[in-house]
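I'm starting a fresh page for this one. Let me open the structure and jot down what I look up as I go.

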Amino acid sequence: MLEATHLRKAFGALVAVDDVSLRLEAGQIVGLLGPNGAGKTTTVSIIAGLITPDRGEVLINGRARTGDADPLKRKVGLVPQDLALYEELSARDNLRFFGALYGLAGVELNGAMTSALHIVGLAERANDRVKTFSGGMKRRLNLAAGLLHDPDVLLLDEPTVGVDPQSRNAIFDNLEELRRQGKALLYTTHYMEEVERLADRVVIIDNGKVIANDTLAGLGRLLPAPAAPGERVTLESVFLTLTGRSLRD
Amino acid sequence: MELIALLAIIKKDLQLFFSDRRAVVMAFVMPITIASFFGLVFTPRSPDEVAKISAVVVDEDNSAVSRQILSGLTTDKNLSIRAVTAEQARDVVRRGDAAVGIIIQRGFGDAAGRAFFRGTDKPELDLLYDPSHNAELAMVRGLLTQHVMESVSREMFGGQRGQQLIDETLSQLDAAQMSGDQKQLLREMLTSVRKFNAGTGGSATARPPGVTMPYSVREEAVTARGKTPYNGMAHAFAGMGVQFILFAALNFGVEKLLERQRGLFRRFRSAPVSRLTLLAGQMASSTAIGAMVLVASFGFSMLIWRVRIEGSVAGFVAISLACALMAASYGLLIASLGKTPNGARAAAIPATLLMVMLGGAWVPTFIFPAWLQRVTVVIPTRWAVDGFDAMTWRGLGFGDALMPVLVLLGFAAAFLALAVARFRWEDV
Ligand SMILES: Nc1ncnc2c1ncn2[C@@H]1O[C@H](COP(=O)(O)OP(=O)(O)OP(=O)(O)O)[C@@H](O)[C@H]1O
Ligand SMILES: [Mg+2]
């Protein structure tokens, strides 16, 4: 459904993304895992078409985007790491605007807004200003804005930062429902347990490089056998083994 | 599809603008308040409303001449006169309670009478003045000339003391240092004056008025139509309209940087929206906000202060639009060159104020020194303010709007070109 090959992006001397390749398939959640500054957001930005890579290409249904206004962009939805919302506007006005950016209008737009608000459980607060929302509600609205135009591919950049377990679970349920509907999802995070719960495949990057790209089971096999019988092989231990324990940033 | 996005961008920017109370006050309330204040201060009032210059007079002479000067000054409609002592005079002026102090020294009347015909040994009149009131000093000096000339000449042609002084001058004429011919001529003239005075009997009622101003002045302010008075409000609202349209644009530019900071720019860029649509939407909404600022402030000035477009209405509209476009592209330039919202605001405010000040929005450019007047033609605000003045109280035609409109559009194009060139599309 979406294929990124040999992506590379440098900011001056810093190579933020270094030869990253990954595939997203319909009905699959791919976890993009990496410590701070690993290059996750930059990778997502390239895939979403915000940043032109120095090298490599992104194919959506086998086709590369041709420009800023390419309708192919409608196939992809982005949920940014920041709460990219207008605090002064109501939830509905936010969605109305984001929907219009994708060319939605009239009945189509209203239907999309109603269903997106319903999915994230904000239908009742639709007419309230975003600045009156809790952190969790804002996160859910941030997600709804990415879903509005019903993209086939959804890119989620740390969509659960700073939310309570209730909101987080609600978001997970939403994502699992989207997978059932046959969407392809890229889920960026540095929380291992999120990937363990959600992901079908895991791509681990560090210093801009892919250091693992496998299923959960496959990753488990990368580790040496448990030292003591009964010790659980967690993704956490895989992650720390692969990326080391030193602080990033 | 691009049209849907374009209209949505405009609508969203206007929604955001109106939801920001501070921005709305800044755009609509401030220009009206400040312009009304400037207008009230700088509009000339009807003659009886003109503030009189307050002056104090010290009459140490107490002669017929000095008393006449005092009464002349007291009845002058431009002055508010108080008689004080010499010590009081200095104190009153120092405190700023009077703009000018006039001291008539002992012996002034006689000395002035003698000097009247001879032209030598002129007595001095002391003027104390408040250095912050130079204009008043010049005005009082002029009025004094009139009143002293009238008083002295009146005394010399018919006053008792005047006759004595003429007699005295005649008797001392032989000793005076002048040529024989001159002495002879002066003697003949003074003798004639003596005869003239004797003929009019020297009585106070029949006395001739002496030398008076041989003319009076009819003044006509040349503005739009014969009977339209100059309206200082028109200039004040032009200036403040231009100032706050720029501030609205500045605010708009800072808002764009805030959008970037909050990650909203990522949403724009991930949507299938062309760069042209994005920029056009921002230009359109910013221009619309600017136009509203002008409509609100000029509208208020027309309703409340009776400012009128005495010239071309089409010209006025064209200048307004060109000015709004210039401001919008200026705002976009701030958004392009700025890094952080606060940094951009801090850098752009002084730049904007400078532009406004040099454009003549605070004080009219004709007050500027000549070199500065020439230099400020490179400031877009100068053209906007001059253009608005031309279309409002000067009452000039559409032809006179063309240059300002073209220059403002030129600035708009230049700002926009620079903004586009420096726009950080991939800095998301
Ligand atoms: N516009 C930019 N200019 C310069 N350097 C950048 C830019 N964007 C990102 N970087 C650098 O590139 C590297 C990767 O950044 P990126 O945001 O992709 O990491 P990340 O994995 O998303 O980190 P986090 O988990 O903190 O979100 C970092 O060192 C970052 O400082
Ligand atoms: Mg990131």
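How many residues of chain B are in contact with residues of chain A, and how many on the chain A side? I count 28 residues of chain B touching 38 of chain A. Note to self: I'm looking at a predicted model.

**Entry 1, the interface.** I looked up the buried area next. Chain B and chain A bury about 2,900 Å² between them, and 60% of that is on carbon and sulfur atoms. I then searched for salt bridges across the interface, and the rule finds two. I wrote down the pair Arg275(B) and Asp68(A), which form a salt bridge with their closest N and O atoms 2.8 Å apart.

**Entry 2, the cores.** I asked where the nonpolar residues gather. The largest nonpolar core has 115 residues. Among those with the most contacts inside it are Phe98(A), Leu141(A), Cys323(B) and Phe388(B), so I have names from both chains on my list. Helix α9 of chain B, residues 232-261, gives this core its largest share, 17 residues. I picked Phe388(B) for a closer look. Setting aside neighbours within four places in sequence, I find Phe388(B) in contact with residues including Ala238(B), Val242(B), Phe298(B), Phe316(B) and Cys323(B). There is also a second, separate core of 29 residues, and Leu70(B), Leu73(B), Phe117(B) and Leu190(B) are in it.

**Entry 3, helix α8 of chain B.** Leu190(B) turns up again here, as one of the buried residues of α8(B). This helix covers residues 180-199, 20 in number. From first C-alpha to last I get 29 Å, close to the 28 Å expected at 1.5 Å a residue. Which of its residues are buried? My list reads Lys183(B), Leu186(B), Leu190(B), Val193(B) and Asn197(B). Seen down the axis of α8(B), the buried residues fall within an arc of 90 degrees, so they line one face of the helix. That fits a rule I keep in mind: an α-helix has 3.6 residues a turn, so residues three or four places apart point the same way. On the other side of α8(B), exposed residues include Asp181(B), Leu185(B) and Lys195(B). The cover over the buried residues includes α5, α6 and α7 of chain B.

**Entry 4, Arg67(B).** My last stop was Arg67(B), in helix α3 (residues 64-75) of chain B. Arg67(B) is partly exposed, with a relative accessible area of 45%. Beyond four places in sequence, Arg67(B) touches Asp59(B) and Asn62(B). I also checked Gly109(B): Arg67(B) is 42 residues from it in sequence and 9.3 Å from it in space, C-alpha to C-alpha.

Methods
Residues are numbered from 1 along each chain as its sequence is written. Chains are lettered from A and ligands numbered from 1 in the order in which they are written. This is a predicted model: local features need pLDDT of at least 70, side-chain atom pairs count only at pLDDT 80 or more; totals for chains, interfaces and linings use all residues. Side-chain values use heavy atoms; hydrogens and water are left out. Helices (H or I, at least four residues) and strands (E, at least two) are DSSP runs, numbered from the N terminus. The expected span of a helix is 1.5 Å times one less than its number of residues. Buried means under 20% relative accessible area, exposed over 50%, partly exposed in between (1.4 Å probe, protein chains only). The arc is that of the directions from the helix axis to the C-beta atoms. Contact means heavy atoms within 4.5 Å. A nonpolar core is a set of buried Ala, Val, Leu, Ile, Met, Phe, Trp, Tyr and Cys residues joined through side-chain atoms within 4.5 Å. Buried area is the accessible area (1.4 Å probe) that two parts lose on being put together, summed over both. A salt bridge is a side-chain nitrogen of Lys or Arg within 4 Å of a carboxyl oxygen of Asp or Glu.
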